[in-house]
Amino acid sequence: MTTYVISIPGTFLHEVTESQRTAVVRHLRPSDPQHTVLGQSEDLDILTVNDNGTFSIRLEVEADDSHSAEQHAKQVAITALREAGITEDDAPLGPTAVTGIDT
């Protein structure tokens, strides 16, 4: 298996509270790239939110190929947002991108 760092962009269409942001990060924590060798060397944050409501989620996942890694990461992100009370309609996600690979 290969370790991939996946970046998933999105936009919060409604204001998101600090507690919701904290909940998203908490649900993403097992996939946090900053707590791994690859993520630490790249200085990656798991959730970055910009002033205009756009955001980026960066996850580290293990998979056999990049397509599987991207699908798994997107599902993890959707689940974390849902667990924080944020629907897919409130925070649509953009296309995933592989931003790091460690074999």
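Which residue of β3 does Thr48 stand opposite? Select the two together, and Thr48 is seen facing Ser56 in β3; the rest of this tour works outward from that pair.

**Before selecting further**

The model is predicted, and for that reason local features are given at a pLDDT of at least 70 and side-chain atom pairs count only at pLDDT 80 or more, whereas totals for chains, interfaces and linings use all residues. Residues are numbered from 1 along each chain as its sequence is written, and side-chain values use heavy atoms, with hydrogens and water left out.

Colour the protein chain by pLDDT, the predictor's confidence in each residue on a scale from 0 to 100; the chain averages 87, and 85% of the residues score at least 70. Among the elements, helix α2 (residues 37-42) has the lowest mean pLDDT, 47, and helix α3 (residues 66-83) the highest, 96. Over residues 38-42 the pLDDT is below 50, and this stretch has 12 contacts in the model beyond near neighbours in sequence, a contact meaning heavy atoms within 4.5 Å.

**The whole chain**

Show the cartoon next: the protein chain has 3 helices and 4 strands, and along the sequence they follow the pattern β-α-α-β-β-α-β. Helices (H or I, at least four residues) and strands (E, at least two) are DSSP runs, numbered from the N terminus. Of the 103 residues, 45% count as buried, where buried means under 20% relative accessible area, exposed over 50%, and partly exposed in between, with a 1.4 Å probe and protein chains only. Among contacts between residues at least 6 apart in sequence, 72% join residues at least 24 apart.

**The sheet**

Select the strands: they form an open sheet of 4 in the order β2-β3-β1-β4, with antiparallel pairing, and two strands are taken to pair if DSSP finds at least two bridges between them. Because β2 and β4 stand at the edges, each with a single partner strand, one side of each is left without a neighbour in the sheet. Neighbouring strands are turned by 20 degrees against each other on average, direction ignored.

Now isolate strand β3 (residues 54-63), of whose 10 residues 8 are buried. Strand β1 (residues 2-11) runs antiparallel to β3 and is joined to it by 10 bridges; within this pairing, Ser7 stands opposite Arg58. Strand β2 (residues 47-49) also pairs with β3 in the antiparallel sense, over 3 bridges, and besides the opening pair one can select Leu47, whose bridge partner in β3 is Ile57. In the hairpin of β2 and β3, with 4 residues between the strands, Gly53 takes a positive phi near 95 degrees.

**Helices α1 and α3**

Add helix α1 (residues 18-28) and α3, whose axes come within 8 Å and cross at roughly 140 degrees. Axes here are lines fitted to C-alpha atoms, for helices over the stretch in contact, and angles run from 0 to 180 degrees between N-to-C directions. The crossing angle makes α1 oblique to α3; angles under 35 degrees count as roughly parallel, over 145 as roughly antiparallel, 65 to 115 as roughly perpendicular, and the rest as oblique. To display the contact, select Val24, His27 and Leu28 of α1 with Val76, Ala77, Ala80, Leu81 and Glu83 of α3.

Which residues of α1 are buried? They are Gln20, Ala23, Val24, Val25 and Leu28, and what covers them includes β2, β3 and α3. Arg26, also in helix α1, is exposed, with a relative accessible area of 53%. A distance between C-alpha atoms can be drawn from Arg26 to Ile46, which gives 9.9 Å across 20 residues of sequence.

**Last stop: Thr96**

Finally, centre on Thr96 in the loop between α3 and β4 (97-102). Is Thr96 buried or exposed? Thr96 is buried, with a relative accessible area of 18%. Leaving aside residues up to four places away in sequence, Thr96 touches Ile6, Ser7, Ile8, Glu70 and Lys74. The C-alpha atoms of Thr96 and Ala73 are separated by 8.3 Å, although the two residues are 23 apart along the chain.
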